[in-house]
Amino acid sequence: MLLVRSIWNGAISFGLVSIPIKLVNATENHSISFRQIHTEDGGRIRYRKFCELEDREVSSQEIGKGYEDSDGTIIPITDEDLAGLPIPTAKTIEIVAFVPENRIDPLQMDAAYYLQAGGAPAAKPYTLLREALKRSKKVAITKYALRGRERLGMLRVVGDAIAMHGLLWPDEVRAPEGVAPDADVTVRDKELDLADALMDTLGEVDLEDLHDEYREAVEEVVAAKAAGETPKEAPAPEAGGGKVLDLMAALENSVRAARESRGEGAEVKQLPERRTSRSSPKDTGGKKSTSTAKKKTASSPRKSTSKTSKTSKTSQSEKKATAKKTPAKKSAAKKTAPRKRSA
């Protein structure tokens, strides 16, 4: 039994079958809300509602609805006026069709609700509609009125309950004109292969494991300031987080990082015949590379000749020096020999 307060009471019209239901919110907002304050003294900033004719503040019990005409005239509209609208969806969720779920564009999906059976008499027809939806593997398209306007809805089975997604009218969904890049971009097969590898490495995820890290960080800041402590500083952004210049390198690094985070091997196989701007010279018709090769070929013999001449000169001078030094050694040996004999 849901303990959430219903926001709308009515019935589902399934042909001639009427199913009393209560509409309750299927989702809840966990985001942290802030109050506006005066920065100088911390005082709360409040909005008060004034009647511009009497120039006084009015209570919520004195406030009603009004439609502003093109000339500025306000036409009062009461709740009784809206309740008496001559349309069948005023208090009824009218099923108009059953279609496959993939016929519904996710862009049309709005708020989500649970339909709660309205008492014991609704148990049998509620269960009948739920099981019929299960067996047909279809969803029901409905029309209903809520908060002053008629809306589209989609009924589907969630567990043992029937849920309703509010749908936008088709003319409320904008066409994606001017959103895609205007430039003519060609995606290579190698880039698609790396994108596929990255998708395979990231794999699937259990949505139950995901959580709101931003909200947790805000809660830590609030708790730290409430305790008179200094909140932790945000980590410095990683280097190289600017514009991606090399898409292939970015994809390879992404695959490598994803594998490392999952404890897998970080090796990324290089694709064959991959060329970058550094390794592949621009195509100039072969003239520039040929002339360069000729210059290098022509200059290499000169350098080798000069080195050979220098080497030969050096060897000749060494021979002369050796020839000059050799007689001196012999004469010295002759002089020292008689001394050794006399001793």
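Biologist: In which helix do Arg-215 and Glu-219 lie?
Modeller: This is a predicted model. Arg-215 and Glu-219 sit 4 residues apart, about one turn of the helix. Their side chains form a salt bridge, with the closest N and O atoms 3.7 Å apart. The helix that holds both residues covers 213-226 and is α4.

Biologist: Is Glu-219 buried, partly exposed or exposed?
Modeller: Buried means under 20% relative accessible area, and exposed means over 50%. Glu-219 has 39%, so it falls between those limits. Its partner Arg-215, at 23%, also counts as partly exposed. The class for Glu-219 is therefore partly exposed.

Biologist: Which residues do salt bridges with shared partners join into one network?
Modeller: Here the salt bridges go beyond a single pair, since they share partners. The network consists of Glu-54, Arg-56 and Glu-62.

Biologist: How many salt bridges does the structure hold?
Modeller: The pair Arg-215 and Glu-219 is a salt bridge. Arg-130 and Glu-131 form a salt bridge as well. For the structure, the number of salt bridges is 9.

Biologist: How far apart are the closest N and O atoms of Arg-130 and Glu-131?
Modeller: Arg-130 has a relative accessible area of 14%, so it is buried. Glu-131 is partly exposed, at 36%. Their salt bridge has a closest N to O distance of 3.1 Å.

Biologist: Which residue's side chain meets that of Glu-191 in a salt bridge?
Modeller: Glu-191 is buried, because its relative accessibility is 12%. Its partner is partly exposed, at 43%. The N to O distance is 3.6 Å, and the partner is Arg-188.

Biologist: Over how many bridges do β1 and β2 pair?
Modeller: Strand β1 covers residues 8-14 and pairs with β2 in the antiparallel sense. Ile-12 stands opposite Ile-19 in β2. The pairing of β1 and β2 runs over 7 bridges.

Biologist: Which residue in the turn of the β1 and β2 hairpin has a positive phi?
Modeller: The hairpin leaves 2 residues between β1 and β2. One residue in that turn has a phi of about 65 degrees. That residue is Gly-15.

Biologist: Which residue in β8 does Ile-21 stand opposite?
Modeller: β2 pairs with strand β8, residues 109-117. The two strands are antiparallel, over 5 bridges. Opposite Ile-21, in β8, stands Ala-117.

Biologist: Do β1 and β7 run parallel or antiparallel?
Modeller: Strand β7 covers residues 92-100, and 3 bridges join it to β1. Ser-13 has Glu-94 of β7 as its bridge partner. The sense in which β1 and β7 run is parallel.

Biologist: Which residue in β9 is the bridge partner of Phe-98?
Modeller: β7 is also joined to β9, by 6 bridges. These two strands run antiparallel. In β9, the partner of Phe-98 is Ala-140.

Biologist: What is the phi of Asp-55?
Modeller: Most residues other than glycine have a negative phi. Asp-55 is not a glycine, yet its phi is positive. It lies in the loop between β3 and β4 and counts as exposed, at 63% relative accessibility. Its phi is about 55 degrees.

Biologist: Between which two elements is the loop with Lys-137?
Modeller: Lys-137 also has a positive phi, of about 55 degrees, although it is not a glycine. Its relative accessible area is 72%, so it is exposed. Its loop lies between α2 (123-136) and β9 (138-146).

Biologist: What is the relative accessible area of Arg-46?
Modeller: Arg-46 belongs to a positive surface patch, along with Arg-35, Arg-44 and Arg-48. It is found in the loop between β2 (17-25) and β3 (50-51). Exposed means over 50%. Arg-46 counts as exposed because its relative accessible area is 57%.

Biologist: How much accessible area do Ile-32, Phe-34 and Val-222 have together?
Modeller: These three residues form a nonpolar patch on the surface. Ile-32 is found in the loop between β2 and β3. At 30% relative accessibility, Ile-32 counts as partly exposed. Together, Ile-32, Phe-34 and Val-222 have an accessible area of about 290 Å².

Methods:
Residues numbered from 1 in each chain as written. Predicted model: local features only at pLDDT ≥ 70, side-chain atom pairs only at ≥ 80, totals over all residues. Heavy atoms only, no water. Patch = residues over 30% accessible without salt bridge, like charges linked within 9 Å, V, L, I, M, F, W, Y side chains within 5 Å. Areas by Shrake-Rupley, 256 points an atom, 1.4 Å probe, with all protein chains shown as cover. Salt bridge = Lys/Arg side-chain N within 4 Å of Asp/Glu carboxyl O. Lys, Arg positive; Asp, Glu negative; His and termini not counted. Charge placed at Lys NZ, Arg CZ, Asp CG, Glu CD. Buried < 20%, exposed > 50% of the residue type's maximum accessible area, 1.4 Å probe, protein only. Pairing = 2+ DSSP bridges.
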